[in-house]
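Trainee: Please pick one part of this model and take me through it closely. Give the cut-off behind each term as you use it.

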Amino acid sequence: MADLVVGVGLRDGVGADAVLDAVAEIVDDPTDLVALATLDRKVTESSVATAAAELGVPVLGFSAEELSVVHVPNPSGRVAAETGTPSVAEAAAVLGSDGGDLVVHKRARNGVTVALARTV
């Protein structure tokens, strides 16, 4: 049963392959995914849209204001300074899963940060 949401934060210019590689590191079976979730201004970023299309899932976007009110275990001052929220990947995963629990805390690699939450 598909019940996982991957929150994605990424630097500008990161390619879809880097996003797909990061997702593959935390998701054993991509058919368990229901969505990718990210900062609203990244929804149309080609790398996120391309990765979501390859995975066959939609991209959910949340404003920095929405993301900033989610309590996360690993907030970042640097991310807050750049985006207006101390968390993108973890907070987006939680919001995208309708308040589900994080099952994988944020992991960063090659300009992509991902976190995983299970839908409620």
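Mentor: Leu 39 has Phe 62 in S3 as its bridge partner. That pair belongs to strand S2 (residues 33–39) and strand S3 (residues 59–62), which pair in the parallel sense over four bridges. Between S2 and S3 the chain passes through helix H2 (residues 46–55), and this β-α-β crossover is right-handed. Right-handed here means that, with the strands pointing away from the viewer, the path from the first strand over the helix to the second runs clockwise. Strands (E, at least two residues) and helices (H or I, at least four) are DSSP runs, numbered from the N terminus, and two strands pair if DSSP finds at least two bridges between them.

This is a predicted model, in which local features need pLDDT of at least 70 and side-chain atom pairs count only at pLDDT 80 or more, while totals for chains, interfaces and linings use all residues. Residues are numbered from 1 along each chain as its sequence is written, and side-chain values use heavy atoms, with hydrogens and water left out.

S2 also pairs with S1, again in the parallel sense and over four bridges. In that pairing, Gly 7 has Ala 37 of S2 as its bridge partner. On its other side, S1 runs antiparallel to S5, and seven bridges join them. Leu 10 is partnered there by Val 112 in S5. S5 is joined to S4 by five bridges, and these two strands also run antiparallel. Val 112 appears here too, standing opposite Arg 109. S4 and S5 form a hairpin with two residues between them, and Asn 110 in the turn has a positive phi of about 55 degrees.

Put together, the five strands form an open sheet with mixed pairing, in the order S3-S2-S1-S5-S4. S3 and S4 are the edge strands with a single partner each, so each has one side without a neighbour in the sheet. On average, neighbouring strands of the sheet are turned by 20 degrees against each other, direction ignored.

S5 is largely enclosed by the rest of the structure, because five of its seven residues are buried. Buried means under 20% relative accessible area, exposed means over 50%, and partly exposed is in between (1.4 Å probe, protein chains only).

Two helices can be placed relative to the strands. H2 lies across S1, S2 and S3 and runs at about 175 degrees to S2. H5 packs on the sheet, where it touches S1, S2, S3, S4 and S5, and its direction makes about 30 degrees with that of S5. For these angles, axes are lines fitted to C-alpha atoms, for helices over the stretch in contact, and values run from 0 to 180 degrees between N-to-C directions. Contact means heavy atoms within 4.5 Å.

Helix H5 (residues 89–96) is largely enclosed by the rest of the structure, because seven of its eight residues are buried. These are Ala 89, Glu 90, Ala 91, Ala 92, Ala 93, Val 94 and Gly 96. The partners they pack against are S1, S2, S3, helix H3 (64–68), S4 and S5. Just after H5, Asp 98 takes a positive phi of about 60 degrees.

Side-chain links also reach the strands. Asp 3 and Arg 118 meet in a salt bridge (3.0 Å, N to O). They are 115 residues apart and link distant parts of the chain, Asp 3 being in the segment before strand S1 (4–10) and Arg 118 in strand S5 (residues 112–118). A salt bridge is a side-chain nitrogen of Lys or Arg within 4 Å of a carboxyl oxygen of Asp or Glu. Asp 3 is buried at a relative accessible area of 13%, whereas Arg 118 is partly exposed at 38%.

Arg 109 forms a salt bridge with Glu 25 (1.9 Å, N to O). Arg 109 is in strand S4 (residues 102–109) and Glu 25 in helix H1 (residues 16–26), so the pair ties together parts 84 residues apart in sequence. Both residues are partly exposed, Arg 109 at 42% relative accessibility and Glu 25 at 39%. A search of the whole structure finds four salt bridges.
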